Amino acid sequence: MTEHGEAHRHSLLQSAMEELLEGTRAVAHLAGKVGGEMVGAIPDPVAAPVARMLDSLRQLSELAPPMLAEFDVLVEELHAQRLAVQALQAELSAFDHQMEVIENALTPLQSWTHQWSRLRQLLTPTPFEEPPKPGLTEP
């Protein structure tokens, strides 16, 4: 994916997160406003959990900037890791090409070595072997 596409996707994610946080802040504010008036009318066993819930919503909305910053860092780190993987792939591709060139260069040498070995065996008689008789061919 191009950097422009990633930047566009990153800005869409950031916009969506900002919208979510703004909505959460608005809900927390409205619930706090309505809840503050209503908490007095709610019996005690229910009022405490409602107050804690409103407080939790307020704290969640206050955590938003660090959470956005963490998302930015996460996206940047993922992008850096992808670039590192691409660099490793390029390096491995170059190494593979070098190995292919060496292998292609060594193949004729390997063939010549095998031919030389066969030639030496044919030219060097073994002590227990009878020399071939002229006119007779070996099978």
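**Burial, exposure and confidence in a three-helix model**

The accessible surface of the protein comes to about 11,900 Å², and carbon and sulfur atoms account for 65% of that area. The model is predicted, with a mean pLDDT of 77.

Me: Why is Leu68 called buried?
Reply: Leu68 has a relative accessibility of 16%. Buried means under 20%, so Leu68 counts as buried. Leu68 is found in helix H3, and beyond residues up to four places away in sequence it touches Met17, Glu18 and Leu21.

Me: How far apart are Leu68 and Leu13 in sequence and in space?
Reply: They are 55 residues apart in sequence, and their C-alpha atoms lie 9.8 Å apart.

Me: Why is Ile102 called partly exposed?
Reply: The relative accessible area of Ile102 is 47%. Buried requires under 20% and exposed requires over 50%; the value for Ile102 falls in between, therefore the residue is partly exposed. Ile102 belongs to helix H3.

Me: What makes Ile102 eligible for a surface patch, and which residues make the nonpolar patch with Ile102?
Reply: Patch residues need over 30% relative accessible area, and Ile102 has 47%, so Ile102 passes that cut-off. The nonpolar patch covers about 630 Å² and is made by Ile102 together with Phe95, Met99, Leu106, Leu109 and Trp112.

Me: What part of the protein is buried?
Reply: Of the 139 residues, 9% are buried.

Me: How do you know that the pattern is α-α-α?
Reply: The protein has three helices and zero strands, and reading along the sequence gives α-α-α.

Me: Which elements have the lowest and the highest mean pLDDT?
Reply: Helix H1 (residues 3-39) has the lowest, 68, and helix H3 (residues 64-123) the highest, 91. Across the protein, 67% of residues reach 70 or more.

Conventions:
Residues are numbered from 1 along each chain as its sequence is written. This is a predicted model: local features need pLDDT of at least 70, side-chain atom pairs count only at pLDDT 80 or more; totals for chains, interfaces and linings use all residues. Side-chain values use heavy atoms; hydrogens and water are left out. pLDDT is the predictor's confidence in each residue, from 0 to 100. Helices (H or I, at least four residues) and strands (E, at least two) are DSSP runs, numbered from the N terminus. Patches are made of residues with over 30% relative accessible area and no salt bridge: like charges are joined within 9 Å, nonpolar side chains (Val, Leu, Ile, Met, Phe, Trp, Tyr) within 5 Å. Accessible areas come from the Shrake-Rupley method with a 1.4 Å probe; for residues, only the protein chains shown count as cover. A salt bridge is a side-chain nitrogen of Lys or Arg within 4 Å of a carboxyl oxygen of Asp or Glu. Buried means under 20% relative accessible area, exposed over 50%, partly exposed in between (1.4 Å probe, protein chains only). Contact means heavy atoms within 4.5 Å.
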